[in-house]
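Here are a few notes from my pass through the model. Have a look at the strands first, then the loop and helix ends.

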Amino acid sequence: MAFLSLDNVKIVGLSACVPPDVEENLTLPVFADQEEAKKVIASTGIARKRVVQSGTTSSDLSVPAIKELLEKLNWSADSVDCLLFISQTRDYIAPITSAVLQGRLGFRQDCYCLDMPLGCSGWVYGMSNLVSLLSHGQFKRGLLVCAETNSNNRSPKDKTVKPLFGDAATVTALEFEEGAPAMQFEFGVDGKGYKAVCAEYGGSRNPVTKESLEMKEVEPGIWRRGIDMVVNGMDVFSFAIKVPPVSLQNLINHFEINVDAIDYLWLHQSNHYIDDRIRKKLKMPVEKVPYCLEDYGNTTCASIPLAMVVCAAEELKAAKKDNLACGFGVGLAWGSMRFTTDHLQAVELLEYVYE
C-alpha cells in the first residue's frame, strides 16, 4: 500500500469561486417531467449546481479566487514559489494552464508551475505533491488550484451526467513552517476500470473527428457526442461504496489515528447516498461529515476544498481542527488524507463576475 507522511508544511488559507448562474435540476429539460427530476434529486442529493456561461474557462474562475486569497493572506504575487493546477477541463491541451495563470497573475518567472489532469481524487493527490515540494524548506509558499468547468465537457442532453456536475474553482494556500504537524496519505488506482469515467475522443488515441462532434442518441433520451464525458453509473457506484472506506481505514490503521478525535471527515462530494454509505462504514457522526453537493453538485477535483469553504469557513478560522479527507473517482483513482488546520487566516467564497 502507498503511504506517505510529510511534515513542516501548514495550510494557511482556502478560497473558492463559483459562477453566479444557478441551474435547477427540477426544471432541467433533459428530464421527461418533474417526477423524474425529483427521483434523481432524491437519489443523488443534488438539487442544483453552478454553471459557467459559454467561453468561461477553469482559469477564468481561478483568477479571482487566487487574487482574493493572496490579498487576505497579505501575500505578494512575487512571494509565491510554486503553483499546481489540477483540472480535467484545462484551458488548452498545450500549454499547461498553470503557465497561463502565472502570466495572468504576474508571478515570478522562476515560479514552479505544474498541471495535473486528475479528477475526483485530485485535491488529495495535489496536496501530497505540493506538500512534498514545500517540506524541504527551499520553497516557502505554494498554491494548489483545483478548478473545473464540467458543464463544458458533459452533454446537455445526457440525463446520466447533466444533473450531477457543477463548476467551481478552489485555491489552497500552503506555507513551509518547521515543526508543523505531519500530513498523512494513502493512495491507490485501479486502471483496469479507466472506462468507468471517460471522454473517448479528444486525446491522442482518438483525436477529434467530424463524427465525434455529432450529437447522437445512444439510449432512449440520452444524447451525447464522442468528446463528451461518459459516466458508467453502476461501475462508479460499485467502486465508490467499496474502495474509499477501505482506503480511509487503511490510513487510520497505518498511522494509528484516533478517529474519535477527528473533527471533520471531508468526502469528495459525489452523491449523498454514496457518501453516507462511506460515513456509516467509518462510524462517523453526521455532524462531522459536511455536504455542499445539494447546492453545488459534483465539482470533481474542487469538491473537497469547496465543501470546507461552504460548510465550515468560520469554524476553520476560529479553531484548530483535525481532519480526514478522501477523494475518489476518475481513474479509477483514490486518495485519503489526514491533516490539521489551525486558525486558518482566510476562508473565502466568491461569485464570479462576468465582464
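1. Let's start with a register check: Gln 184 has Arg 338 in β16 as its bridge partner. Gln 184 aside, β9 (183-189) and β16 pair antiparallel over 6 bridges; strands here are DSSP E runs of at least two residues, and helices H or I runs of at least four, numbered from the N terminus. Pairing takes at least two DSSP bridges between the strands.

2. Before going on, a caveat: this is a predicted model, where local features need pLDDT of at least 70 and side-chain atom pairs count only at pLDDT 80 or more, while totals for chains, interfaces and linings use all residues. Numbering runs from 1 along each chain as its sequence is written, and side-chain values use heavy atoms, leaving out hydrogens and water.

3. β16 (333-351) has further partners. It pairs antiparallel with β15 over 10 bridges, with Asp 322 across from Thr 340, and parallel with β2 (9-18) over 7 bridges, where Ile 11 faces Thr 341. In the β15-β16 hairpin, with 3 residues between the strands, Gly 331 has a positive phi near 145°.

4. β14 (264-267) is covered on both faces: Tyr 264 and Trp 266 on one side, Leu 265 and Leu 267 on the other, all buried (under 20% relative accessible area; exposed is over 50%, partly exposed in between, 1.4 Å probe, protein chains only). It runs parallel to β15 (320-329), joined by 4 bridges.

5. Asp 110 sits in the loop between α3 (97-105) and β6 (112-116), and counts as exposed because its relative accessibility is 54%.
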